[in-house]
Amino acid sequence: MRSAHRSALALACSCFTACHQPQGAETVVVVTWDTVRTELLLGTERTWDTTPNLDDFFDDATVFPRMLTPRGLTGPALSSMLTGAYPHKHGVRDNRGDAPRFPTLMDRFQDAGYTTWAYSANMCQIIASGVDRTECTSPAEIDSGSRQERDVILVDRLVDDLAGLRDGQHLFLWLHLAHPHDPYELVEPWYSEFHPQSYQGDLDPGSANDVRGVTFSTLEYSEQDRDHMEAAYASQIRETDQLTARVFSELDKVGRYEDAVVVFGVDHGEELADHNRYFAHGCSPYNSVLNVVYAFRAPGVTPAGVWLESWRSPVDVAPTVVELANAFEWQEGGESRSLLSAMTSTEDADEPVFFERGVHTAGVVWHEAKYIYSGETEFDDCHPYSGSGHTYPTEQEELYDLVMDPDELSNLAGQDLALQGELRSKLCDWVLESAWVSTGQQMADNALVIMCMSDAAR
């Protein structure tokens, strides 16, 4: 059944592209990973050799190591990357099944005559339109198997399909791998390489009960436990690096890599007990979750091995991909813009970059300072807090100096009132410039909006 479906799709795509021959780069590839801490992708900061293959790609690319994802959840984050819009505009505010209401990169490239493929191990509702060939290995599609197994199945299918590409067939491919995620797995041989000493503790990284017990302070979390947990997590990333290298190798084998536009990115990071003994991501407004890496490679266009250090947003990825492909004009205006001019001039701008943690909490990073306003100081709409009787604690206002305090451990709110007021004003301008929530009743009850409207009325 699957083969017949593919044959029908291939015939339809063949007929379409014959009548509408696209312009621009023949091959455009976007690869994203789920739930990766930035320091494990940066060779100068990491303890282990987690991404040797990705390092080679970075050597050929322009790298943005300080992207600030607009939300520490996969659905909103990937929807922003694919549409060029923040969550309050594209409408995906959680992981509960919504697709973005704006056209995605797949929609746009399909309209331009490209054959579009999307292979994802997670959040498959995002690829509900604009895709000629869809492969999904989310739990809803595959009854059993670990995230590692689902990623392997996905890459196996992609490698098989790449071998069938026709010469001259313009392709847009998005691949999303989900393995670096809880439940954390010990992947060999990488775990033993990263953690050669024998672990004597009882913590099982793959046990939701154990991880929840540490978060809720019913279990201890020693330095030995931490080393064990972090090595397990790092081993997942090393395996994902291996799978990505396999995809790049196959693209090269079929003659699709050398001249391709290739983009790599991450949806969000992971806490791993940095704040409040919390391991996951959805509760956190901190940079261990929000700081992600993106890299762009377009031969002859993007400078190789250049790292641009200013804070940027993944909402700028979609227009950048479009400009690098040179296939059509980017139509959306407003809050997203191509990063190509920054890459080619290597000028690092420093403009406000915004994020949210749901409709009641948002923040801004600007000039190495970070401000967060939380309309709910006991947040529980996130794993594993939801329904647990526990809440993720935050202050109403937080201010951090990201140079002196990159781990965001010392809240300066109330100490530098001028800076705090300036950042709060920038945040409120962003929140109030369009409908922050979908109905008037929600607006009336939203503490963030009420605060901003009160400030604006003064």
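**Exercise 1. Determine how many bridges join β2 to strand β7, and in which sense the two run.**

Solution. In this predicted model, strand β7 covers residues 291-297 and is joined to β2 by five bridges, the two strands running antiparallel. To place one of these pairings on the structure, start from Thr-62, whose bridge partner in β7 is Phe-296. Next, turn to strand β8, residues 306-307, which runs parallel to β2 and is joined to it by two bridges. Here the bridge partner of Thr-62 is Val-306, so that a single residue can be followed into β7 and into β8. Finally, consider how covered the strand is: β2 spans residues 62-68, and seven of its seven residues are buried.

**Exercise 2. Find the order of the strands in the open sheet of four strands, and say which are the edge strands.**

Solution. Begin with the order, which is β9-β10-β11-β14, with antiparallel pairing. The edge strands are β9 (353-356) and β14 (397-401), each of which pairs on one side only. Between neighbouring strands of this sheet the average turn is 15°, with direction ignored. As a closer look at one pairing, take strand β11, residues 369-374, which pairs with β14 in the antiparallel sense over five bridges. Within this part of the sheet, Lys-370 stands opposite Tyr-400 in β14.

**Exercise 3. Establish how many residues of helix α3 are buried, and what covers them.**

Solution. Helix α3 runs over residues 74-83, and 10 of its 10 residues are buried. Among them are Gly-75, Pro-76, Leu-78 and Met-81. The next step is to look outward from the helix: what covers its buried residues includes the strands β1 (27-33), β5 (171-177) and β7, together with the helices α4 (87-90), α5 (105-111) and α11 (317-325). Just after α3 comes Gly-84, which takes a positive phi of about 75°.

**Exercise 4. Work out how the axes of helix α2 and helix α9 cross, and which residues make the contact.**

Solution. Two packed helices are described by the angle between their axes and the distance between the axes. For helix α2 (residues 52-59) and helix α9 (residues 223-253), the axes come within 7 Å and cross at roughly 55°. Because of this angle, α2 is oblique to α9. On the side of α2 the contact is made by Pro-52, Asn-53, Leu-54 and Phe-57, while α9 contributes Arg-238, Asp-241, Gln-242, Ala-245 and Phe-248. Sorted by class, the contact of α2 with α9 has five nonpolar, two polar and two charged residues.

**Exercise 5. Decide whether Ser-120 counts as buried or exposed, and list what it touches.**

Solution. First locate the residue, which lies in strand β3, residues 115-120. Its relative accessibility is 1%, and since buried means under 20%, Ser-120 counts as buried. Leaving aside residues up to four places away in sequence, Ser-120 touches Ile-127, Glu-135, Cys-136, Thr-137, Ser-138, Leu-154 and His-176. As a last step, compare sequence with space for Ser-120 and Pro-139, which are 19 residues apart in sequence and 11 Å apart in space, C-alpha to C-alpha.

**Exercise 6. State the mean pLDDT of the chain, and where the pLDDT is below 50.**

Solution. The mean pLDDT of the chain is 89, and 92% of its residues reach 70 or more. Over residues 1-19, however, the pLDDT is below 50, and this stretch has 17 contacts in the model beyond near neighbours in sequence.

Methods: Residues numbered from 1 in each chain as written. Predicted model: local features only at pLDDT ≥ 70, side-chain atom pairs only at ≥ 80, totals over all residues. Heavy atoms only, no water. Pairing = 2+ DSSP bridges. Axes fitted to C-alpha atoms, helices over the stretch in contact; angles between N-to-C directions. Buried < 20%, exposed > 50% of the residue type's maximum accessible area, 1.4 Å probe, protein only. pLDDT = per-residue confidence, 0-100. Contact = heavy atoms within 4.5 Å. Parallel < 35°, antiparallel > 145°, perpendicular 65-115°, else oblique. Nonpolar A, V, L, I, M, F, W, Y, C, P; charged D, E, K, R; others polar.
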